[in-house]
Amino acid sequence: MNLSVQSSGGQSPASKGSVARYLLKIPFSVIVIFAVALGFLLGYLLPENTVLMMIAVSGTYFPKTIVTFATVIIFFLLAGATAKLITVHKEKAGVFFSTTFIVYVVLGLISLIWVMGFIAMFIKIPMFTGAGQEYTASLLLGSIGNSFKTIGMQPLLHVLFAALLVGWVTTRVKALSPISEGIMKASEKILGFFKWIMWYYPIMIGCLSIYVPMKFGAKGIVHYAQTFLWEVIVTTAWCVVLILATKLMTKRTWKQILSYFWTIYPIGFGTGGSYDTLAANIVSAEKELGLSKEVAEVSIVFGTVLNKNGATMAVMLCTVSVCSMLNIPLSLFDMMMLVLPIWILGLESPGVAGGAGFFMSPIIANILHVPDPALFVTSFLAMYSGVTPMIAVATNTTNDGLIGAWLEDRYAKSLLANLQS
């Protein structure tokens with residue numbers, strides 16, 4: 001008996017390629033969440049399985065490779081972004097560029113103060129570590145100085161300034177324009193690679209998720225869930241404040257603001273990378289939020305490069321969780337020492353999936369003087385994976401448009417006159 005069911009077009013629903021087409025329709029966020037859940041389940045049920053441990057360790061290879069080539073990646077991304085902005089707008093928008101830059105830099109610091117307030121009020125960690133040690137003002141200043149000395153020795157920070165300088169010089173000096181064009185093309189290729197490699201991201205996340213219960217048991221899963229809850233609370237409250245501020249300080253209507261927010265937040269969450277959300281963000285900022293084309297492009301592009309508020313807040317929360325898992329003493333004083341360095345690191349972290357975890361965790365381990373940096377970084381990457389960076393990106397990308405609305409409405413006459421002259 002022939003039990004096959006034929007469609008009206010004469011082809012079976014189970015025809016070749018139908019399964020693949022169905023899988024491609026599954027939202028990326030659903031696939032990532034499934035990979036995290038599957039990794040946790042396998043690691044918890046088979047904690048001693050050698051093959052599973054090898055699979056878990058394989059998840060660290062790509063992050064380690066990215067860290068190895070971090071300086072090259074960041075150089076071309078930032079130099080390319082700088083060159084493109086100057087090429088498109090030239091001298092017309094110097095005031096707007098500088099204003100936008102300052103706003104994102106200040107907002108980054110405020111977001112870290114915001115998350116520190118949450119940690120101080122709701123997470124039970126001591127004010128100081130070390131019995132009998134006096135925490136004087138001189139010790140505080142000395143610790144801050146040591147933190148900056150540590151971060152100042154990092155090549156990534158040097159590359160940040162070098163990229164901005166090279167992007168500006170090669171674009172402004174006519175004889176160097178071929179170099180500028182080459183840098184922009186290289187930047188586009190790198191972004192294209194990260195967009196292509198997104199197929200591997202759920203696999204990597206699944207492998208890293210296996211590592212958490214295998215190493216830390218049920219405690220690791222609890223810490224992950226707790227960190228996720230913290231991040232949801234902190235970023236949701238942060239977004240609510242920005243939405244209210246946008247409504248009060250701009251001419252945007254509730255319909256415009258909420259329509260933009262609910263369009264871009266799921267896209268940012270689904271892609272997990274600011275650069276992957278860039279095009280859709282510009283279009284939505286113009287269509288839903290009603291920004292002019294000039295302001296939307298500058299605000300979103302600058303935000304994609306500079307605005308990592310959601311990521312830096314998540315990094316601070318992950319630091320608390322990882323130190324707790326590894327029994328590393330951590331105090332509010334130690335967290336205060338991380339605020340300014342992470343603020344600077346947030347300006348240079350690339351907007352790719354999990355980028356903040358890749359680039360910040362080794363430096364955090366250095367500043368905190370953890371006993372086993374390799375274990376700290378691996379645990380951090382496992383904690384800063386899955387839904388954690390996805391929420392961070394959703395927060396970052398929606399903030400970009402809201403800041404654009406504020407810039408346009410507060411400085412409309414002077415800024416748009418410069419841009420459109």
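Among contacts in the chain (heavy atoms within 4.5 Å) between residues at least 6 apart in sequence, 84% join residues at least 24 apart. The chain has 20 helices and zero strands. Both element types are DSSP runs, numbered from the N terminus: helices are H or I with at least four residues, strands E with at least two. Of the 421 residues, 52% count as buried. Buried means under 20% relative accessible area, exposed over 50%, and partly exposed in between, with a 1.4 Å probe and protein chains only.

The model is predicted: local features need pLDDT of at least 70 and side-chain atom pairs pLDDT 80 or more, while totals for chains, interfaces and linings use all residues. Residues are numbered from 1 along each chain as its sequence is written, and side-chain values use heavy atoms, with hydrogens and water left out.

**Confidence**

The average pLDDT of the chain is 78, and 75% of the residues score at least 70. This score is the predictor's confidence in each residue, from 0 to 100. Over residues 1-16 the pLDDT is below 50. Beyond near neighbours in sequence, that stretch has seven contacts in the model. Where pLDDT is low, the predicted coordinates should not be read in detail.

**Core and cysteines**

The largest nonpolar core has 104 residues. Such a core is a set of buried Ala, Val, Leu, Ile, Met, Phe, Trp, Tyr and Cys residues joined through side-chain atoms within 4.5 Å. Ile-119, Met-316, Met-335, Ile-364, Phe-376 and Tyr-384 touch the most other members. Helix α15 (residues 309-325) gives the most to this core, with 11 residues.

A search of the whole structure finds zero disulfides, defined as pairs of cysteine sulfur atoms within 2.5 Å. Cys-318 is buried at 0% relative accessible area. Cys-323 is buried too, at 2%.

**Helix contacts**

His-223 lies in helix α11 (residues 218-249). His-223 counts as buried, at 9% relative accessibility. Not counting residues up to four places away in sequence, His-223 touches Ser-321, Ser-324, Met-325 and Met-383.

Ala-56 sits in helix α3 (residues 50-58) and is buried, with a relative accessible area of 0%. Leaving aside neighbours within four places in sequence, Ala-56 is in contact with Cys-207, Ile-210 and Tyr-211. The C-alpha atoms of Ala-56 and Cys-207 are separated by 4.4 Å, although the two residues are 151 residues apart along the chain.

**Cavities**

There are four cavities of 30 Å³ or more. On a 1 Å grid over the protein atoms alone, a cavity is a set of points where a 1.4 Å probe fits but cannot get out; lining residues have an atom within 4 Å of a point. Points are joined across faces, edges and corners, and a volume is the space filled by probe spheres set on them. The second largest cavity has a volume of about 50 Å³. Its lining includes Tyr-104, Lys-308, Asn-309 and Trp-343. The elements that give two or more residues to this lining are α6 (94-122), α15 and α16 (332-346).

**Positive phi**

Most residues other than glycine have a negative phi, and most peptide bonds are trans. The table lists two loop residues with a positive phi.

| Residue | Phi | Loop between | Relative accessible area |
|---|---|---|---|
| Asn-327 | about 55° | α15 and α16 | 64%, exposed |
| His-369 | near 55° | α17 (355-368) and α18 (373-383) | 66%, exposed |

Conventions
1 Å grid on protein atoms, 1.4 Å probe; cavity = no way out; pocket = protein on both sides within 12 Å on 5 of 7 lines; lining within 4 Å.
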